[in-house]
Amino acid sequence: MLSTSSMERRPCWHGRRADSADLTEEHCKLSEAELVIFQFPMYWFTVPAIMKGWMDRVLTLGFAYTSEKRYSQGFFKDKKAMLSFTTGSQESMFSTNGINGDMNVTLWPLQNGILHYCGFQVLAPQIFWAPLHIPVEARDSMLEAWCTRLQGLLGEMPLTFTPSDSFGGGQGFHLKEDVQEKHAANEFGLSVGIHLGKPLPPNSQIKAGV
């Protein structure tokens, strides 16, 4: 599990360049892992800077992705990853009519643009909604539910993303015409980012099987 607290205890980078031994160690950890959990407090609607720095320095070209090895054909396509994080705002504030906007939209750059881009099968996030603003008993229930879920994580189905072969490389990586025709009558778009001008599929970045 990668957490901001463990990164702070053992900083791996000096200046703008990663120490080669530390970088190799992080690459080895990822290569051996079946499941990677990113644990953090949501900070300005994304991961904290120290975790983003880890992603920038460790998920490197040639190791985590190439122009041919990305998304559903990525290097980590046989591995699973997920986000587990706390928020400062209540769940209602991240709804489709909430002041913070739809959490599915907030998570798209992280889950599609980083995890799925590297090929990971992305599990539904574990979201601890506003733990500072709820009773101790409610926080205890959150932790109990998380402990229970951890026991079966490797058996969970991942979130759904549009397969790489649905896009034509010679067509600017646009969705192939036959794929567009296949989904033309659907009420919702394919995903948060690939919505085809239609309403976003509800909870597609929060629940598997949507």
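**Exercise 1. Pairing of two strands**

Which strand do seven bridges join to β4, and do the two run parallel or antiparallel?

*Solution.* The model is a predicted one.
Step 1. Locate β4 at residues 35–41.
Step 2. Follow its bridges. Seven of them lead to strand β5, residues 80–86.
Step 3. Check the direction. β4 and β5 run parallel.
Step 4. Pick out one pair of residues. V36 stands opposite A81 in β5.

**Exercise 2. From strand to helix to strand**

Find the helix that makes a β-α-β unit with β4 and β5, and give the handedness of the unit.

*Solution.* Step 1. Look for the helix: α3 covers residues 49–58.
Step 2. Put the pieces together. β4, α3 and β5 make up the β-α-β unit.
Step 3. State the hand. The unit is right-handed.

**Exercise 3. Cover on β4**

How many of the seven residues of β4 are buried?

*Solution.* Step 1. Set the cut-off: a residue is buried under 20% relative accessible area.
Step 2. Apply it to β4. Five of the seven residues are buried.
Step 3. Draw the conclusion: β4 is mostly covered.

**Exercise 4. Positive phi angles**

W44 and Y71 each have a positive phi. For each residue, find its loop and decide whether it is buried, partly exposed or exposed.

*Solution.* Step 1. Take W44. Its phi is near 50°, and W44 is not a glycine.
Step 2. Place W44: it sits in the loop between β4 and α3.
Step 3. Classify W44. Its relative accessible area is 72%. Exposed means over 50%, so W44 is exposed.
Step 4. Take Y71. Its phi is about 55°, again positive in a residue that is not a glycine.
Step 5. Place Y71: it belongs to the loop between α3 and β5.
Step 6. Classify Y71. Its relative accessible area is 27%. That lies between 20% and 50%, so Y71 is partly exposed.

**Exercise 5. A second residue in the α3–β5 loop**

F75 also lies in the loop between α3 and β5. What is its exposure class, and what distance separates its C-alpha atom from that of I50?

*Solution.* Step 1. Read the accessibility. F75 has a relative accessible area of 36%, so F75 is partly exposed.
Step 2. Count along the chain. F75 and I50 are 25 residues apart.
Step 3. Go to space. Their C-alpha atoms are separated by 24 Å.

**Exercise 6. The contacts of T87**

Is T87 buried or exposed, and which backbone atoms does its side chain contact?

*Solution.* Step 1. Place T87 in the loop between β5 and α4.
Step 2. Compare with the cut-off. The relative accessibility of T87 is 8%, so T87 is buried.
Step 3. Trace one contact. The T87 side chain reaches the backbone oxygen of S89 at 2.7 Å.
Step 4. Trace another. A polar atom of the T87 side chain lies 2.9 Å from the backbone nitrogen of A130.

**Exercise 7. Two pockets**

Describe the largest and the second largest pocket by volume and lining.

*Solution.* Step 1. Start with the largest pocket. Its volume is about 330 Å³.
Step 2. List its lining. There are 16 residues, and R70, Y71, S164, F167 and F173 lie nearest the centre.
Step 3. Sort that lining: six residues are nonpolar, eight polar and two charged.
Step 4. Find the main contributor. Helix α4, residues 103–116, gives the most, with three residues.
Step 5. Turn to the second largest pocket. Its volume is about 230 Å³.
Step 6. List its lining. It has 14 residues, with F94, D102, N104, N203 and I206 nearest the centre.
Step 7. Sort this lining too: seven nonpolar, four polar and three charged residues.

How values were computed: Residues numbered from 1 in each chain as written. Predicted model: local features only at pLDDT ≥ 70, side-chain atom pairs only at ≥ 80, totals over all residues. Heavy atoms only, no water. 1 Å grid on protein atoms, 1.4 Å probe; cavity = no way out; pocket = protein on both sides within 12 Å on 5 of 7 lines; lining within 4 Å. Points joined across faces, edges and corners; volume = space filled by probe spheres on them. Helix = DSSP H or I, 4+ residues; strand = E, 2+ residues; numbered from the N terminus. Nonpolar A, V, L, I, M, F, W, Y, C, P; charged D, E, K, R; others polar. Buried < 20%, exposed > 50% of the residue type's maximum accessible area, 1.4 Å probe, protein only. Pairing = 2+ DSSP bridges. Right-handed = clockwise from strand over helix to strand, strands pointing away. Polar contact = N/O pair within 3.5 Å; in protein donor to acceptor, adjacent residues only side chain to side chain.
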